[in-house]
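Please work through the following exercises with the sequence and the model side by side, and try each task before reading its solution.

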Amino acid sequence: MFKDFRAESESPAYIQLKVYIETLITQGVMPLHHKLPSTRELSGLLGVSRTTVISAYEALERTGWIEAVKGRGNFVSRAAVHLNEPPSMIEWTERLGPQAFLSEEMDLMKHGIKWEKGMIAFTSIAPDERLFDMSGVKRAFLDRMALEGDVLLNYGYAQGYRPLMRYLMSYMKGKGVETSGKDILITNGFTEGFDLLLTAIGKRSGRILCENPTHQTAIKIMKLHGFEPVGVSMDRDGMNMDELKQTLDEGGFDLAYLTPSYHNPTGIVTSPEKRMELLRLLGEYEIPVVEDGFNEELRYSGAHAAPLIACAGTGNSVAYVGSFSKILFPGIRVGWIVADRKLIGYLESLKRARTIHTSTLDQALLYQYLHNGNFERYLKRARTEYKRKYELAVQGCTTHIPMKSMSGEGGLHVFVELDERLDARVILEDCRKLGVVFTPGDIFFTDGGGQHTLRIGFSRVPEERIEEGLRIIGSVVKEHVKALNFRASL
């Protein structure tokens, strides 16, 4: 025993010794109540320091593998012993509810195309980590920890970290939002914010009005809450208003979910005129609005249109869900909801009941980074880099891909509509064999359509590979069009 122990890897020697002794216990080499060698004896046997053995024993005791008996030594603990025969084996798939199966079915990370080394992947619309301002983040962390580190490591408040809340309310004022009568709740990104709103909303019709196509994660959350997303098709400047009026006349809706700026997946920016008409129509039908502030800062030219919540003025029908995930650092997972003060009060209670609060440390780090004046500098650099990639993507799609249309006025992606006879998933499979992947557009549609569409996310693709990847996609599309035309001519 112990003769085959070798401390070789980069991890601390005491951790390696701890794992080694755990293995001996689980294999039955050291049975229940077996006495371990003294720390002095074992250090001599293994040729390691006594401190290493003491540390390993202390770690084993903390995790219940051994028990220290005063004056007698260390013994294998009862907590480390397992039954020879398990009491039962549960078939968990028989115990799960419909939400578990539905979420697994719609899980793109599990069922989508897996990234392989060397691939040109147009599937992501996450920010490029090579742009992250690491020096600014480190400075912000040290600054905030020096000021109130002990507080930040304790429990926080469900509504959020006060300095960040004040900063974000001022930020929203800068977008033209009338904040009187409104309040803010900090969330774990957009997903928790939308989830809380759907949990809070009373289900009457069970239907949610949205653009068609729309954000796939939003579709997933709606369905998990038992809501039916009902989509209205998009024109070049936003929702088709005639179709919207007809849809509103056909039945009631519990709320509307809208992304007016750099819409995911189309990249369309709803015109100021349509924003006002949307609010007027939805107001007539007394339908509350959840506005997704997705990618709002990533404009590359021209003036940015005011968000719906700003257009609503002193009205309280719009709940705005914001996040810096597509601009700054998705790993921090900080988002926010600005909405009517009464609604925020209920959402705060829901938040407290579910997750207690968003990480105070993450909120404080983000606040200090913003407070230090880093955001505008970073945003200027990010816009420059992403604009260059955006222009390469637009040029590459236009040059290489035979398509019916393309949309995207900013942000981190463009949306391509191919010949209606084509199936983007079939094209994707052929492209994958050539080392290029993209996101098929059908996952964004509420009505099962969009088989001939695809989203090209360019944010994380190196500039020198964007044209190469789009050229490959274009060559595959051309082959499929050629085959279709040949069959049609027979």
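Two strands count as paired if DSSP finds at least two bridges between them. The model is predicted, and the mean pLDDT of its protein chain is 92, with 98% of the residues reaching 70 or more.

**Exercise 1. Determine which strands pair with strand 13, and which residues stand opposite Phe415.**

Solution. Begin with strand 12 (residues 405-407), which runs antiparallel to strand 13 and is joined to it by three bridges; this satisfies the cut-off of at least two bridges. Within this pairing, Ser407 has Phe415 as its bridge partner. The two strands form a hairpin with five residues between them, and in the turn Gly408 has a positive phi of about 140°.

Next, turn to strand 16 (residues 453-457), which pairs with strand 13 over five bridges, again in the antiparallel sense. Here the residue opposite Phe415 is Arg455. Phe415 is therefore matched with Ser407 of one neighbouring strand and Arg455 of the other, in pairings that meet the requirement of at least two bridges.

Finally, consider how strand 13 is covered: of the five residues in this strand (413-417), four are buried, the cut-off for that word being under 20% relative accessible area.

**Exercise 2. For the salt bridge between Glu463 and Arg388, work out which elements are tied together and how exposed the partners are.**

Solution. First take the distance: the side chains of Glu463 and Arg388 meet at 2.9 Å, N to O. Then place the partners: because Glu463 belongs to helix 17 (residues 463-489) and Arg388 to helix 15 (residues 374-400), the contact ties together parts that are 75 residues apart in sequence. As for exposure, Glu463 has a relative accessible area of 25% and is partly exposed, while Arg388, at 34%, is also counted as partly exposed. This pair is one of 22 salt bridges in the structure.

**Exercise 3. Set out the position and exposure of the partners in two salt bridges that involve helix 16, Arg425 with Asp442 and Lys433 with Asp430.**

Solution. In the pair formed by Arg425 and Asp442, the closest N and O atoms are 2.8 Å apart. Arg425 lies in helix 16 (residues 424-433), whereas Asp442 lies in the loop between strand 15 (439-440) and strand 16, so the bridge ties together parts that are 17 residues apart in sequence. Arg425 is partly exposed at 40% relative accessibility, but Asp442, at 18%, counts as buried.

In the pair formed by Lys433 and Asp430, the closest N and O atoms are 4.0 Å apart. These residues are three apart in helix 16, which means that about one helical turn separates them. Lys433 is exposed at 59% relative accessibility, and Asp430 is partly exposed at 26%. Elsewhere, salt bridges that share partners join Asp128, Arg130 and Lys389 into one network.

**Exercise 4. Identify the residues that form a nonpolar surface patch with Trp92, and decide whether Trp92 is buried or exposed.**

Solution. The patch consists of Ile90, Trp92, Leu96 and Phe101, which together have about 410 Å² of accessible area. Trp92 sits in the loop between strand 2 (73-76) and helix 4 (98-105). Its relative accessibility is 58%, and since the cut-off for exposed is over 50%, Trp92 counts as exposed.

**Exercise 5. Find where confidence in the protein chain is lowest and where it is highest.**

Solution. The lowest confidence falls in helix 5 (residues 108-111), with a mean of 79, and the highest in strand 5 (residues 207-212), at 98. Where pLDDT is low, predicted coordinates should not be read in detail.

Terms used: Residues numbered from 1 in each chain as written. Predicted model: local features only at pLDDT ≥ 70, side-chain atom pairs only at ≥ 80, totals over all residues. Heavy atoms only, no water. Buried < 20%, exposed > 50% of the residue type's maximum accessible area, 1.4 Å probe, protein only. Patch = residues over 30% accessible without salt bridge, like charges linked within 9 Å, V, L, I, M, F, W, Y side chains within 5 Å. Areas by Shrake-Rupley, 256 points an atom, 1.4 Å probe, with all protein chains shown as cover. pLDDT = per-residue confidence, 0-100.
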